[in-house]
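Trainee: Please take me through one part of this model slowly. I would like to look at its largest pocket.

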Amino acid sequence: DVSVRASLNGRVLSAPVRVTDPSYPASDGVSFLGFLGVDEHALTFGVLGLARIGSLVEIRVPVSGWFPFQGADDWYTYIGADGFAGQGREIGPCTARILPDLLGIGADAYLMMRGRGIASWPHGRELPGAPMTLVDGFVVAFGFAVQASVGPRPIAWAELYLSLDLLVGARPPTLSGFGRARGSLHLGPCSIGVTAQMTFLAQGRATYLWAQVTGRVELLFFDLER
């Protein structure tokens, strides 16, 4: 039996490394850890990259892949994942944070490709029809979410959120999507908000579409929702 292991630990656009510095993550610049493994079962790899510029921007990108030598169709490659506890999706999404201490603007994204179905996708989305499972066939899944909070709490501030998850499956032919958008304006103890949600599924000859828009007003002693 032959087993090969390789690792990578590097930094780019950062200050010279001192002996007392932690190996990861770097305080500023671009740093990354990588792993490659080959044995009698599979080829496995993973890279975790982090880019940081002081308190302005922080970007995290996890990448992983698994290619078995037996059951060769049961492979996967992820650039970020949805965080489901299984199928290697625990690595979580790619994330970006802009001025986290001031504006709270952030974004998450993932791209997952699998050779043999997918379970409980998309993870963490509480929408009709979610999560869904495809037992077999090639699958490509993509998703992103953007959130922002602007204004001084608890005086007056606004919150925005947008998410979209899309999946294309080969067996059976499947096209599915889940979307959600939310916006709210807060003035002290009062707030006004709107939420829109959508689910779409086309599988074989069946097509399903569900959409809902809800408005909400929160006053000091009561709430109104329509």
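Trainee: Which strand gives the most to the lining of the largest pocket, and with how many residues?

Mentor: Strand β13 gives the most to that lining, with 5 residues. This is a predicted model, in which local features need pLDDT of at least 70 and side-chain atom pairs count only at 80 or more, while totals for chains, interfaces and linings use all residues. Residues are numbered from 1 along each chain as its sequence is written, and side-chain values use heavy atoms, without hydrogens and water.

The chain has 15 strands and 0 helices (DSSP runs numbered from the N terminus: E of at least two residues for strands, H or I of at least four for helices). Its C-alpha trace spans about 70 × 60 × 25 Å along the principal axes.

The largest pocket (an open set of points on a 1 Å grid where a 1.4 Å probe fits, with protein on both sides within 12 Å along at least five of seven lines) holds about 210 Å³ of space, counted as the space filled by probe spheres set on the points. Its lining, meaning residues with an atom within 4 Å of a point, has 14 residues. Three strands each supply at least two of them: β12 (173-187), β13 (190-203) and β14 (206-218).

Nearest the centre of the pocket lie Arg182, Gly193, Thr195, Arg216 and Glu218. Of these, Arg182 falls within β12, Gly193 and Thr195 within β13, and Arg216 and Glu218 within β14.

By class, the lining has 8 polar, 4 charged and 2 nonpolar residues. Here Asp, Glu, Lys and Arg are charged, Ala, Val, Leu, Ile, Met, Phe, Trp, Tyr, Cys and Pro nonpolar, and the others, Gly among them, polar.
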